[in-house]
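User: Hi! Could you take a close look at one part of this complex for me, and then walk me outward from there into its surroundings? I work with ligands, so a tour with the contacts spelled out would be lovely.

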Amino acid sequence: MAFVRVCSEDEVAPGEALRTESAAGPVALFNVDGEFFAIEDTCSHGQWSLSDGYLTGDQIECTLHMAKFCVRTGKACSLPATKAVKVFPVQRQGCDVLIDFEDGHFAA
Amino acid sequence: MMKNIAIVGAGLSGASAARVLRDEGYDGRLWILGEETHRPYDRPSLSKSVLSGADEMPPELAEPTWYDDNQVELVSGTKVSAFDLRGRKLELASGWSIDVDGVLLATGARARRLDVPGSQLDGVHYLRTMDDSLAMRTSLKPGMSVVIVGGGLIGCEVASTARKLGAEVTILETADELLLRVMGPMVGAGCRGLLEAMGVRVLLGAKAASFLGTSRVEAVMTQANERVSADLVLVSIGAEPDVTLAAAAGLACERGIVVDGAGLTSVSGVFAAGDAAAWPLRGGGRRSFETYLNAQAQSATAARAMLGCVAREPQVPLSWTEIAGRRMQMIGDLAGPGTVVVRGDPSAGSHTVFRIDGDRVAAAVSVDAARDFVAARRLVEMAAMVSADALRDVNTDLRGLTRATRGA
Ligand SMILES: Cc1cc2nc3c(=O)[nH]c(=O)nc-3n(C[C@H](O)[C@H](O)[C@H](O)COP(=O)(O)OP(=O)(O)OC[C@H]3O[C@@H](n4cnc5c(N)ncnc54)[C@H](O)[C@@H]3O)c2cc1C
Ligand code: FES
């Protein structure tokens, strides 16, 4: 377990995303109505950044070909993507948001 | 409640509809009947990563186990040869027949054929299926002369791919600009510039009159009697919705199977979606959209309607392409009435072109500007009222506009 501080919670408004680089590759952090979730930033369809996308509820839409992923589970919810992206555990400490970049995994 | 649903056509629309039917709780029998011998796969890659060889095969639209896991009876390599509407029976070329109470026609489209002298020669290709793409890939060699008849999306995509593979590429286009129908003259000219900069030769106002050669094609003669050498020809002059089965069954067809905004045809229980369907446009009229995202949305809408959840959803065309290494996305028809507004500097690369009709945003094309397109797309979908000056100003936060603006 190695949670690392990424930002403070008011740096990512609800509906917005933050992209961070990590040893595990780029990771996208999303604010879904005050809850934070982190997934791999690279779309499983065509190597595109998901943090640039459009968040509706807990689904992020890739800007390139509009595949959708659930930011809670990393699962692909719509074509053209068929493969999930990894999720990373997120923790809050006071106003800080932390991500465990070492524990990126595919949700069951 | 339907208990026996058959989907005719195992392409994107067929696969998407099957998934939605199961996701929405349909638990009756479900067939997908497809003429191609492959499981449903991604067609857009055929002119891009598959043709270039970057991908060995096109990605599949579902995991191979998905069909069995979801009790979907996928029958590949079998054409549906007749549809008895009154008897609710589908006849398969294999001699089988199945009784159905609901049918989704997702038969897609075929490449339009060019009927000129020499069009049967070896080396004259069309591009619609995986087999077409693999055949073309096997023949494509660096240094060979490739002539592309038709400068639309597929023609320009293949020109980019073939040129990158080192072929000498010439595009023959009958109109006075490339991509006119989809992109309008300004973006079309921009793409031509990019293709020419890669070394693609573009002949406008040029019509292929015949193909020369004894058994293999050697050249294309234009109507103006220009001889263009060719080791390989691609004819990409558009697609025709495949209405063979529907028309023979007696369903109303007009360049596509006529449906309402829920995908219902002229006969109850029979639906159509995707490239095969002439679907209502939000701005009025109906047509086959020939785009991935519209096919996906239509098949989802039709699948829900089959289960009794009817929502009529006229659509706005929405798609993407990759030409000369640029990623482009488009919504609405850029060719149309009103004024054209450019945001960003086309010569510098990333930019978005809008069409404003009256005081509403009617269409947009983004070139290497996916982030702006997210907002541009919403503005078009909302038919938002935005001034030309606001769109043109690169300091205007487009995402902010989508939140601040109320549509029609
Ligand atoms: C080379 C190429 C590149 C493209 N690139 C893009 C792109 O970049 N962006 C974009 O938005 N769109 C693109 N498109 C368009 C997109 O692929 C189509 O809109 C989409 O495939 C439509 O899906 P569909 O399922 O309706 O039809 P199709 O994919 O055509 O599938 C229909 C299937 O039905 C089968 N069928 C037909 N009749 C019968 C019958 N009687 N019995 C059994 N089976 C039958 C056919 O064999 C076919 O497999 C491209 C298309 C091509 C050909
Ligand atoms: S790259 Fe994300 S949908 Fe294609």
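Analyst:

**A serine in a loop, and what lies around it**

Happily, let's start with a side chain: a polar atom of the B:Ser45 side chain is 2.9 Å from the backbone oxygen of B:Asp42. Please keep in mind that this is a predicted model, and that every distance below is computed from it. B:Ser45 sits in the loop that runs between strand E2 (29-33) and helix H2 of chain B. Is this serine buried or exposed? Its relative accessibility is 6%, so B:Ser45 counts as buried, the cut-off for that class being under 20%. Beyond its neighbours within four places in sequence, B:Ser45 is in contact with B:Val50, B:Leu51, B:Pro58 and B:Pro59.

Helix H2 (49-52) takes us on to helix H4, since H2 is among the elements covering the buried residues of H4(B). Those buried residues of H4 (residues 130-139) are B:Met130, B:Ser133 and B:Met136. Seen along the axis of H4(B), they fall within an arc of 130°, so they line one face of the helix. The general reason is helix geometry: with 3.6 residues a turn in an α-helix, residues three or four places apart point the same way. The cover over this face of H4(B) also includes strand E9 (124-125), helix H5 (153-164) and strand E16 (232-235) of chain B.

Now to the part you may enjoy most, ligand 1. Its surroundings comprise 34 residues, and the closest are B:Ser13, B:Glu36, B:Arg43, B:Lys48 and B:Arg128. By type, the shell around ligand 1 splits into 13 nonpolar, eleven polar and ten charged residues. Three polar pairs are worth having in view. In one of them, a polar side-chain atom of B:Lys48 lies 2.6 Å from an oxygen atom of ligand 1. In another, a polar backbone atom of B:Leu12 is 3.1 Å from an oxygen atom of the ligand. There is also a nitrogen atom of ligand 1 that lies 2.9 Å from a backbone N or O atom of B:Val80. On its own, ligand 1 has 1000 Å² of accessible area, and the protein covers 94% of that. Which elements give two or more residues to the shell? They are helix H1 (12-23), H5, helix H8 (292-306) and strand E22 (318-323) of chain B. Helix H5 thus turns up twice on this tour, once in the ligand shell and once in the cover of H4(B).

From here we can cross to chain A by way of a histidine. A:His65 lies in the loop between strand E6 (59-61) and strand E7 (68-70) of chain A. With a relative accessible area of 10%, A:His65 is buried. Apart from neighbours within four places in sequence, A:His65 is in contact with A:His45, A:Pro80, B:Leu293 and B:Trp320, so its partners come from both chains. The side chains of A:His65 and A:His45 also make a polar contact, at 3.1 Å. A:Pro80, another of those partners, has a feature of its own: the peptide bond that joins A:Leu79 to A:Pro80 is cis, with omega near 5°. This proline is in the loop between strand E8 (76-78) and strand E9 (87-88) of chain A.

Back in chain B, B:Arg343 makes a good contrast for a charged side chain. It is placed in strand E24 (residues 339-344), and at 5% relative accessibility B:Arg343 counts as buried. Where does its side chain find polar partners? The side chain of B:Arg343 reaches the backbone oxygen of B:Thr396 at 2.9 Å, and a polar atom of that side chain lies 3.2 Å from the backbone oxygen of B:Leu391. Not counting residues up to four places away in sequence, B:Arg343 also touches others, including B:His351, B:Phe354, B:Asp372 and B:Asp393.

Finally, two backbone details for your checklist. B:Leu179 has phi near 60°, a positive value in a residue other than glycine; it lies in the loop between strand E11 (168-173) and helix H6 (180-197), and at 2% relative accessibility B:Leu179 counts as buried. B:Asn225, also not a glycine, has a positive phi of about 65°. B:Asn225 lies in the loop between strand E14 (219-222) and strand E15 (227-229), and at 60% relative accessibility this asparagine counts as exposed.

Methods: Residues are numbered from 1 along each chain as its sequence is written. Chains are lettered from A and ligands numbered from 1 in the order in which they are written. This is a predicted model: local features need pLDDT of at least 70, side-chain atom pairs count only at pLDDT 80 or more; totals for chains, interfaces and linings use all residues. Side-chain values use heavy atoms; hydrogens and water are left out. Buried means under 20% relative accessible area, exposed over 50%, partly exposed in between (1.4 Å probe, protein chains only). Helices (H or I, at least four residues) and strands (E, at least two) are DSSP runs, numbered from the N terminus. The arc is that of the directions from the helix axis to the C-beta atoms. Contact means heavy atoms within 4.5 Å. A residue is near a molecule or strand if one of its heavy atoms lies within 4 Å of it. A polar contact is a pair of N or O atoms within 3.5 Å; within protein, one must be able to donate a hydrogen and the other to accept it, and residues adjacent in sequence count only if both atoms are side-chain atoms. Accessible areas come from the Shrake-Rupley method with a 1.4 Å probe; for residues, only the protein chains shown count as cover. Ala, Val, Leu, Ile, Met, Phe, Trp, Tyr, Cys and Pro count as nonpolar, Asp, Glu, Lys and Arg as charged, and the others, Gly among them, as polar.
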